[in-house]
Amino acid sequence: MLTDPNDTFAHAKTLLPQLSAWRRSLHQHPELGFEEYETARLVARELQALGIEFSAGIGKTGIVADIHSGKPGKVIALRADMDALPIHEATSNDADYRSQVAGKMHACGHDAHTAMLIGTAALFAKYPPTQGGVRFIFQPCEETKDANGDSGGKLMAAAGAATGVDAVLALHVTPIQPAGVVSYDPAVSASVDNFECVLTGAGGHVSMPHRTVDLSMVLGQVLNAIYSLVPRNIDPMQAATLTVGAVHGGDTHNVIPSEYRLVGTLRTRSSEARDRALQAIGQVVSIAQAIGAGCTWRWLPGALPVAMNDEAILGTMLASAQAMLGAGCVGGADELGLGGEDFSFFAKAAPIAMLYLGTKMPHGDHGDWHTPTFDIDETAMPIGTAILYDSVARLLG
Ligand SMILES: [Zn+2]
Ligand SMILES: [Zn+2]
């Protein structure tokens, strides 16, 4: 096993052409959540070529691979997500690796995550652990959920992909920092609870609102109550947002509708704020009912829990990065946010840590995550690969 971080980094740098080839192949052939058949085939083919044992079809299209020393010790898992997004690529450069599938694109960098995890497996195949072992989790469907409200991380964790391991580590690329910079958010994931609210009441002719419940007026009051809920119930020092994403109802100018359907999301960075907001929703329902409307509020299946980084493991990843990139490589806390990340499901099995890897393009006008002009600086991929390898080496001791 390589134990000198600079030695590991030097080996990882020689993998750049391969890392780039894997990433570009995945980028050209993006697949949405739980449809990662070709993606999983590419991963399986490379693992097979490296002589690494694996199981496919975990959590539908996921893969779990292991390299074990055969000696006692910890087992450290590394996780990459593999799915793309329903976005039509519009990168301004003429990159020959652009998505070849209309309406689908790797706009969150999961192509790079998958490539870096294959690269790390390649390093471990050549320089295996001398005690304990390393597990590679290639996870489907991070971005969305199936009809049951289940995402890939949830299904893989439920299938035992991380059961019995001592830690699960992951990287996520960031277009905010350049290559050579890493950053982190103390929270791996905000809580995400999606809701559906249905307002009902007698509709009728717009000239006679007094003979109806006038749901459009009720809608206004309900929206007001929804947007007042966080500031009136959550400590302003705690981050939370309750936001409506869509309102459906009504068809024409002279009919008062008899139903409105609202959908949206509650996001927080603490379980306490989440619990308070969940409890306070009754106020919204009561306001609608007080003015004569029917109101049902339903939290949809597939909620994400708040998950925090394990400080010691995150510290190990940061120490790895600093050993290779210098003490000043840790960027600011500009990743703090209310983003959801289904890596949080692995926290039920083991302590987790996620580091952001700077991949901002040095030139050109490239967009944020989930935009049609998202792209990454591939020179960051050997850095990510080396950080994953070296962090495992440190944790295995
Ligand atoms: Zn994403
Ligand atoms: Zn992502």
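The exercises below, each with a worked solution, concern a predicted model.

**Exercise 1.** Determine how the axes of helix 1 and helix 9 are oriented to each other, and which residues meet.

Solution.
- Helix 1 covers residues 5-14 and helix 9 covers residues 381-396; their axes come within 8 Å.
- The axes cross at roughly 140 degrees.
- Angles over 145 degrees would count as roughly antiparallel, and 65 to 115 as roughly perpendicular. Helix 1 and helix 9 are therefore oblique to each other.
- The crossing of helix 1 with helix 9 is right-handed.
- On the side of helix 1 the contact involves P5, T8, F9, A12 and K13; on the side of helix 9 it involves P382, T385, A386, Y389 and D390.
- Sorted by class, this contact has six nonpolar, two polar and two charged residues.

**Exercise 2.** Classify L19 and M116 as buried or exposed, and list what each touches beyond four places in sequence.

Solution.
- L19 belongs to helix 2 (residues 16-28), and M116 to helix 4 (residues 110-126).
- The cut-off for buried is 20 or more other C-beta atoms within 10 Å.
- L19 has 25 such neighbours and so counts as buried. M116 has 30 and is therefore buried.
- Beyond four places in sequence, L19 touches A115, M116, G119, M381, P382 and T385.
- With the same exclusion, the contacts of M116 are L19, A80, L171, M381, G384, T385 and L388.
- Two C-alpha separations add to this: L19 and A112 are 93 residues apart in sequence and 8.0 Å apart in space, while M116 and L15 are 101 residues apart along the chain and separated by 9.6 Å.

**Exercise 3.** For K60 and C141, state the value of phi, the location and the exposure.

Solution.
- Most residues other than glycine have a negative phi.
- Phi of K60 is positive, near 75 degrees. C141, which is not a glycine, also has a positive phi, of about 45 degrees.
- K60 sits in the loop between strand 1 (53-58) and strand 2 (62-68). C141 sits in the loop between strand 4 (133-139) and helix 5 (152-158).
- K60 has 19 C-beta neighbours inside 10 Å and so counts as partly exposed. C141 has 28 other C-beta atoms within 10 Å and is therefore buried.

**Exercise 4.** Give the strand order and pairing of the sheet of seven strands.

Solution.
- The order is 1-2-4-3-5-15-6 in an open sheet, and the pairing is mixed.
- Strand 1 and strand 6 (182-183) are the edge strands, each pairing on one side only.
- Strand 2 and strand 4 pair in the antiparallel sense over six bridges.
- D66 stands opposite R135 in strand 4.

**Exercise 5.** Describe the sheet of four strands and the helices that lie across its strands.

Solution.
- The strands form an open sheet in the order 10-12-8-13, with antiparallel pairing.
- Its edge strands are strand 10 (240-248) and strand 13 (294-299).
- From one strand to the next, the twist averages 20 degrees.
- Strand 8 (residues 191-200) pairs with strand 12 (residues 259-268) over ten bridges, in the antiparallel sense. V192 stands opposite R267 in strand 12.
- Helix 6 (residues 215-233) lies across strand 8, strand 10 and strand 12, and runs at about 160 degrees to strand 10.
- Helix 7 (residues 271-290) lies across strand 8, strand 10, strand 12 and strand 13, and runs at about 160 degrees to strand 13.

Notes. Residues numbered from 1 in each chain as written. Chains lettered and ligands numbered in written order. Predicted model: local features only at pLDDT ≥ 70, side-chain atom pairs only at ≥ 80, totals over all residues. Axes fitted to C-alpha atoms, helices over the stretch in contact; angles between N-to-C directions. Helix = DSSP H or I, 4+ residues; strand = E, 2+ residues; numbered from the N terminus. Parallel < 35°, antiparallel > 145°, perpendicular 65-115°, else oblique. Left-handed = near helix turned anticlockwise from the far one by under 90°. Contact = placed C-beta atoms within 7 Å. Nonpolar A, V, L, I, M, F, W, Y, C, P; charged D, E, K, R; others polar. Buried ≥ 20, exposed ≤ 12 C-beta atoms within 10 Å, placed from the backbone. Pairing = 2+ DSSP bridges.
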